Amino acid sequence: MRYARSIEELHQWHQEALSNPDIERHEIEPQCGWYKMRRVKLGPWVPVLITVEQDIDPDTGQLADDERMRCEVDGINEDKIEEIWSHLKPISEAAFHQLFENRRSIPAMKDDYTPINLALTPITP
Amino acid sequence: MNAPITPDEKIKPKQAELAGLGHNNPPPFSQEKLAGFVERVTEFMKANKAWLDLKQIETDDHAEKATDMIAGLRGLYKEVDTARKAEKKPHDDAGKAVQAAYTPQLDKLKTAADKLKPLIASYIDKKAKAEEEKKRKEEAEAREKARLAEEAAKKAEEENDVGALVEAEAAKKAAEKEAKKASAPVKKSVGSATGAGRTISTRKSRHAVVENPLQVFMYYRDHPDVIDVLTRLATADVRAKDVDETKIPGISIAEKVSAA
């Protein structure tokens with residue numbers, strides 16, 4: 001019998017990582033949660049979401065298939081999750097949604113592959 | 001009859017018509033570059049006002065954006081300062097070249113005068129001492145004459161010798177005048193031989209020599225300058241990693257929080 005992990009279990013590592021920056025991180029074990037990363041050095045933050053797809057049998061309440069990791073970078077599906085995992089910085093869900101808003105409103109954040117020069121345009125409240 | 005006008009003079013235009021006035025005196029820096037910076041700085045000032053108008057920062061997002069704003073201010077400051085230094089360098093280099101060319105001559109002149117002044121001072125001092133000795137003797141002689149004249153006057157008075165009395169009074173006055181002249185201060189200066197040079201005089205200056213530092217410190221212990229020095233020394237030790245601040249008597253530690 002395989003039961004689907006709860007939301008709390010799936011986000012346990014992420015919750016601990018938010019308060020402990022030195023938490024152990026295994027290279028090939030991405031964890032569910034909300035993250036940010038840069039595509040280039042000094043580039044703008046990009047939001048990353050890691051979730052798990054669970055097929056649950058409605059009759060038994062158990063997993064009908066293996067859990068599958070899903071990753072979205074800036075809302076777009078990303079297959080190479082292991083390649084970017086070590087570059088992801090855990091953030092809160094609120095900060096994740098704020099990051100989407102900032103990328104929309106701050107012109108300097110529009111190009112993911114161009115380092116940001118904060119001296120060109122001021123950041124306003 | 002007027003001088004003939006040559007073909008060249010007819011054709012050649014006046015110099016002022018070729019180039020604008022002041023074309024040989026350009027501004028010391030690029031106006032265009034500066035204008036670019038002024039525009040960017042103005043934009044940053046407007047944004048900074050928007051931040052300051054908030055009065056307080058209440059959210060993580062604002063705190064992070066304000067941090068980026070400060071990074072922007074610092075980055076722009078660095079750009080403007082780098083440009084400033086680049087614009088200033090040719091002028092600094094020119095100034096240094098002028099200094100390098102002129103200063104050796106100035107040094108020679110100053111050193112020459114500084115080496116000569118002690119010779120004059122020594123002469124003035126020697127001469128003044130001789131003069132003072134001479135005047136001392138003259139004053140003593142004059143006082144003696146005045147005393148003798150006083151005695152003669154008394155004797156003439158007693159003998160009702162009016163003629164002798166008048167002479168004695170006159171002699172006494174003359175002697176007193178001589179004594180006064182001899183007691184006047186001796187001149188300690190040397191004038192100009194030609195009339196064009198400044199008079200050189202000697203002057204004495206006084207300075208303290210600290211024989212007992214503790215006594216001097218106790219005397220000045222409440223002076224603001226002394227408090228400043230003590231604060232500076234104690235603060236340096238409080239901030240040093242290898243100093244045990246508990247061993248410093250008479251202080252307390254204050255902490256100030258600032259963003260950096």
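Helices (H or I, at least four residues) and strands (E, at least two) are taken here as DSSP runs, numbered from the N terminus. On that basis, chain A of this predicted model reads α-α-β-β-β-β-α-β-α along the sequence. That comes to four helices and five strands in chain A. As for overall dimensions, the C-alpha trace of chain A spans about 60 × 30 × 25 Å along its principal axes.

Some of the strands of chain A can be followed from one to the next. Strand E1 of chain A, residues 33-38, pairs with strand E2 of chain A, residues 45-53, and the two run antiparallel over six bridges. Six residues sit between the strands in this hairpin of E1(A) and E2(A), and one of them to look at is A:Leu42, which takes a positive phi near 65°. Within the pairing, A:Tyr35 stands opposite A:Val48 in E2(A). E2(A) also pairs with strand E3 of chain A, residues 68-73, again in the antiparallel sense and over six bridges. Here A:Val48 turns up once more, this time opposite A:Val73 in E3(A). A:Val48 thus has A:Tyr35 across from it in one pairing and A:Val73 across from it in the other.

Chain B is a matter of domains. The assignment splits chain B into domain 1 (28-109), domain 2 (112-191) and domain 3 (213-243). Between domain 2 of chain B and domain 3 of chain B, the C-alpha centres are 56 Å apart.

The two chains also meet. On the chain A side, twelve residues are in contact with 17 residues of chain B. Together chain A and chain B bury about 1,200 Å², with 65% of that area on carbon and sulfur atoms. A trio of residues stands out on the chain A side: A:Ala119, A:Pro122 and A:Pro125 supply 46% of the area that chain A buries against chain B, more than any other three residues. Sorted by class, the side of chain A that touches chain B is made up of seven nonpolar residues, five polar ones and no charged ones.

What about salt bridges between chain A and chain B? The count is zero. With no charged residues on the side of chain A that touches chain B, polar contacts are the next thing to check. Across the interface of chain A and chain B, five residue pairs are in polar contact, with both residues of each pair at pLDDT 80 or more.

Conventions. Residues are numbered from 1 along each chain as its sequence is written. Chains are lettered from A and ligands numbered from 1 in the order in which they are written. This is a predicted model: local features need pLDDT of at least 70, side-chain atom pairs count only at pLDDT 80 or more; totals for chains, interfaces and linings use all residues. Side-chain values use heavy atoms; hydrogens and water are left out. Domain bounds come from an automatic or database domain assignment. Contact means heavy atoms within 4.5 Å. Buried area is the accessible area (1.4 Å probe) that two parts lose on being put together, summed over both. A salt bridge is a side-chain nitrogen of Lys or Arg within 4 Å of a carboxyl oxygen of Asp or Glu. A polar contact is a pair of N or O atoms within 3.5 Å; within protein, one must be able to donate a hydrogen and the other to accept it, and residues adjacent in sequence count only if both atoms are side-chain atoms. Ala, Val, Leu, Ile, Met, Phe, Trp, Tyr, Cys and Pro count as nonpolar, Asp, Glu, Lys and Arg as charged, and the others, Gly among them, as polar. Two strands pair if DSSP finds at least two bridges between them.
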